[in-house]
Amino acid sequence: MDIAILLKTAGAGLLVSVSCILLSKSGRDEQAMLVSLAGIVIVLLMLVGEVGELIGQIKTIFGI
């Protein structure tokens with residue numbers, strides 16, 4: 001696992017949390033919820049390749 005994916009995930013989480021706080025303070029709770037949902041989807045899409053690689057290594061180890 002590379003440190004870059006960890007930094008990208010932390011950066012995305014930081015941006016999403018700041019934007020959610022700003023939107024909530026301005027009274028736009030619906031948009032804040034949508035931003036948080038979009039942030040979760042973006043992070044999951046970034047991690048799909050890593051999870052696929054992990055499953056491939058597990059299959060190789062156990063000979064499946």
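**A chat about a two-helix model**

Modeller: In this predicted model, 12% of the 64 residues of the protein count as buried.

Biologist: How many helices and strands are there in the protein?

Modeller: The protein contains 2 helices and 0 strands. Helix 2 covers residues 29-62.

Biologist: What is the radius of gyration, set against a compact globule of 64 residues?

Modeller: The protein has a radius of gyration of 16 Å, whereas a compact globule of that length would be near 11 Å. Its C-alpha trace spans about 55 × 20 × 10 Å along the principal axes.

Biologist: How far apart are threonine 60 and leucine 22 in space?

Modeller: Their C-alpha atoms are 46 Å apart, with the two positions 38 residues apart in sequence numbering. Threonine 60 belongs to helix 2.

Biologist: Is threonine 60 buried or exposed?

Modeller: Threonine 60 is exposed, because its relative accessible area is 64% and the cut-off for exposed is over 50%.

Biologist: Turning to leucine 34, why does that residue count as exposed?

Modeller: Leucine 34, also in helix 2, has 52% relative accessibility, so it counts as exposed.

Biologist: Which residues form the nonpolar patch on the surface?

Modeller: The patch is made up of Met33, Leu34, Leu37, Val41, Leu45 and Val48, and together they have about 610 Å² of accessible area.

Biologist: And what is the accessible surface of the protein?

Modeller: The total is about 5,200 Å², and carbon and sulfur atoms account for 74% of that surface.

Biologist: Lastly, how many positive and negative side chains are there?

Modeller: There are 4 positive and 5 negative side chains, and the centres of these two sets are 5 Å apart.

Notes
Residues are numbered from 1 along each chain as its sequence is written. This is a predicted model: local features need pLDDT of at least 70, side-chain atom pairs count only at pLDDT 80 or more; totals for chains, interfaces and linings use all residues. Side-chain values use heavy atoms; hydrogens and water are left out. Helices (H or I, at least four residues) and strands (E, at least two) are DSSP runs, numbered from the N terminus. The radius of gyration is taken over C-alpha atoms; the globule rule is 2.2 Å times the number of residues to the power 0.38. Buried means under 20% relative accessible area, exposed over 50%, partly exposed in between (1.4 Å probe, protein chains only). Accessible areas come from the Shrake-Rupley method with a 1.4 Å probe; for residues, only the protein chains shown count as cover. Lys and Arg count as positive and Asp and Glu as negative; His and the chain ends are not counted. The place of a charge is taken as NZ of Lys, CZ of Arg, CG of Asp or CD of Glu. Patches are made of residues with over 30% relative accessible area and no salt bridge: like charges are joined within 9 Å, nonpolar side chains (Val, Leu, Ile, Met, Phe, Trp, Tyr) within 5 Å. A salt bridge is a side-chain nitrogen of Lys or Arg within 4 Å of a carboxyl oxygen of Asp or Glu.
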